[in-house]
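Q: I would like a close look at one part of this model, followed outward into its surroundings. Please take a single helix, explain how it is held in place, and then go on to the contacts between the chains.

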Amino acid sequence: MKILVADDSRVMRQIVIRTLRQAGYDDHDIVEAEDGRDAYDKVQAESPDLVLSDWNMPNMSGLECLQALRSAGSGVPFGFVTSEGSPEMREKAAGAGALFLIAKPFTEETFRDALDGVIA
Amino acid sequence: MTLAPGATERRAGAGPRPLIPALIDAATVEAIAGEAWIALVGEDELLVPVPGELPADTLSAWVDVVGPWTGSVVLTTGRQTAADLTRALLGRTAPELLDHEDVADAYGEIANVVGGNVKAALPGPSQLSLPAVGVAPAVRNPDDVCRVEVLWRGQPLVVSVQGALPPLPHPLSPHENPHPNGASL
């Protein structure tokens with residue numbers, strides 16, 4: 001399985017990848033993207049099985065990336081990993097077609113709760 | 001309470017524009033920061049609620065919140081402590097010699113997580129800016145500040161949730177906004 005991790009913070013991408021491994025999802029290919037535009041391009045080029053994306057990023061936000069992907073016909077499973085976990089943001093995420101929203105700070109248990117059933 | 005000129009036109013509801021002490025207390029800000037530290041920096045990395053004197057050479061990281069309450073969530077600590085935080089976040093992947101971009105990225109991300117959670121505790125809808133790192137924005141109204149002083153590994157760190165009157169400019173759209181992490185260090 002291939003997982004695309006999109007975050008404009010390199011440190012946060014590392015923490016997300018580390019947490020994925022700690023949560024037991026350690027045998028998957030990881031692709032990194034540094035903003036929403038890069039994530040959009042890499043979904044087209046790399047065909048990941050899942051996208052884990054930050055929300056607030058330069059060039060293209062995570063929400064704009066998800067909307068652009070759906071407009072282009074991509075149904076790639078998509079979840080947010082973001083510092084903004086308010087009910088309003090969760091509603092926007094779900095409305096755009098996101099499967100889940102993991103709020104930062106997170107733990108490996110948070111990842112397991114969100115990803116069980118999504119990652120084989 | 002002092003309102004900035006034009007505040008009446010800007011406010012969304014019937015009441016006066018709220019000041020931060022009416023919206024969030026220091027215990028909540030401290031709890032948010034403490035959770036961020038444990039999750040991002042490490043399980044044993046506690047913030048001790050004891051004030052300390054900041055050194056002369058400090059570095060701040062912050063995000064702006066624009067909404068019914070408008071202001072900044074600012075972390076300030078010594079420059080060396082900011083570097084230590086960066087190493088703690090990077091863990092085994094930390095380079096031998098940190099560059100400014102590493103510190104801006106890691107320290108800014110901590111501010112982003114703390115700021116995002118403070119925003120979630122405030123009345124919305126609000127928008128959150130991308131993080132910036134450098135010299136902290138000035139306190140504009142001492143009555144519109146929630147300030148928490150803690151120690152991390154014995155070093156002082158301040159979390160300041162501080163209002164902006166007059167309001168800060170609306171965050172630029174992502175298309176217009178270059179990543180500000182390279183701000184002056």
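A: This is a predicted model, and the part chosen for the close look is helix 3 of chain A, which covers residues 62-71.

The buried residues of helix 3 of chain A are A:Gly62, A:Leu63, A:Cys65, A:Leu66 and A:Leu69. Because these residues cover an arc of only 160° around the axis, they lie on the same side of helix 3 of chain A. The background to such a pattern is that an α-helix has 3.6 residues a turn, so residues three or four places apart point the same way. As for what lies over that side, the elements covering the buried residues of helix 3 of chain A include strand 1 (2-6), strand 3 (50-53) and strand 4 (78-82), together with helix 2 (36-46) and helix 4 (87-96), each of them in chain A.

One of these covering elements, helix 2 of chain A, can be described in greater detail. Helix 2 of chain A and helix 3 of chain A pack with their axes 8 Å apart and at an angle of about 30°. Angles under 35 degrees count as roughly parallel, and helix 2 of chain A and helix 3 of chain A are therefore roughly parallel to each other. Their crossing is right-handed. From helix 2 of chain A, the contact is made by A:Gly36, A:Ala39, A:Tyr40 and A:Val43, while helix 3 of chain A brings A:Gly62, A:Glu64, A:Cys65, A:Ala68 and A:Leu69. By class, the contact of helix 2 of chain A with helix 3 of chain A has six nonpolar residues, two polar ones and one charged one. A:Gly62, A:Cys65 and A:Leu69 take part in this contact, and they are also among the buried residues of helix 3 of chain A.

The backbone on either side of the helix also deserves attention. In the loop between strand 3 and helix 3 of chain A sits A:Asn59, whose phi is near 70°, a positive value in a residue other than glycine. A:Asn59 counts as buried because it has 20 C-beta neighbours inside 10 Å. Beyond the other end, helix 3 of chain A is followed by A:Gly73, which has a positive phi, near 90°. Elsewhere in chain A, the peptide bond from A:Lys104 to A:Pro105 is cis, with omega near 0°, and A:Pro105 belongs to the loop between strand 5 (100-103) and helix 5 (108-115) of chain A.

Moving outward to the partner chain, 22 residues of chain A are in contact with 26 residues of chain B. On the side of chain A that touches chain B, the largest share, five residues, comes from helix 1 (residues 10-22) of chain A. That side of chain A has eight nonpolar, nine polar and five charged residues.

Helix 1 of chain A packs with helix 4 of chain B at an angle of about 70°, their axes being 7 Å apart, which means that helix 1 of chain A is roughly perpendicular to helix 4 of chain B. The residues making this contact are A:Arg10, A:Val11 and A:Met12 of helix 1 of chain A and B:Asp105, B:Ala106 and B:Glu109 of helix 4 of chain B. They divide into three nonpolar, no polar and three charged residues.

Helix 4 of chain B also has a partner within its own chain, since the axes of helix 3 (residues 79-90) of chain B and helix 4 of chain B come within 9 Å and cross at roughly 80°. That angle makes helix 3 of chain B roughly perpendicular to helix 4 of chain B. Here the contact is made by B:Ala82, B:Ala83, B:Leu85, B:Thr86, B:Leu89 and B:Leu90 of helix 3 of chain B and by B:Asp102, B:Val103, B:Ala106, B:Tyr107 and B:Ile110 of helix 4 of chain B. By class, the residues of this contact divide into nine nonpolar, one polar and one charged. B:Ala106 thus appears in this contact and also in the contact with helix 1 of chain A.

In the loop between helix 4 (100-121) and strand 4 (127-128) of chain B lies B:Pro125, and the peptide bond from B:Gly124 to B:Pro125 is cis, with omega near 0°. Chain B as a whole has four helices and seven strands, and 39% of its 185 residues count as buried.

Definitions and conventions: Residues are numbered from 1 along each chain as its sequence is written. Chains are lettered from A and ligands numbered from 1 in the order in which they are written. This is a predicted model: local features need pLDDT of at least 70, side-chain atom pairs count only at pLDDT 80 or more; totals for chains, interfaces and linings use all residues. A residue is buried if 20 or more other C-beta atoms lie within 10 Å of its own, exposed if 12 or fewer, and partly exposed in between; C-beta atoms are placed from the backbone. Helices (H or I, at least four residues) and strands (E, at least two) are DSSP runs, numbered from the N terminus. The arc is that of the directions from the helix axis to the C-beta atoms. Two residues are in contact if their C-beta atoms, placed from the backbone, lie within 7 Å. Ala, Val, Leu, Ile, Met, Phe, Trp, Tyr, Cys and Pro count as nonpolar, Asp, Glu, Lys and Arg as charged, and the others, Gly among them, as polar. Axes are lines fitted to C-alpha atoms, for helices over the stretch in contact, and angles run from 0 to 180 degrees between N-to-C directions. Angles under 35 degrees count as roughly parallel, over 145 as roughly antiparallel, 65 to 115 as roughly perpendicular and the rest as oblique. A crossing is left-handed if the near helix is turned anticlockwise from the far one by less than a right angle, and right-handed if clockwise.
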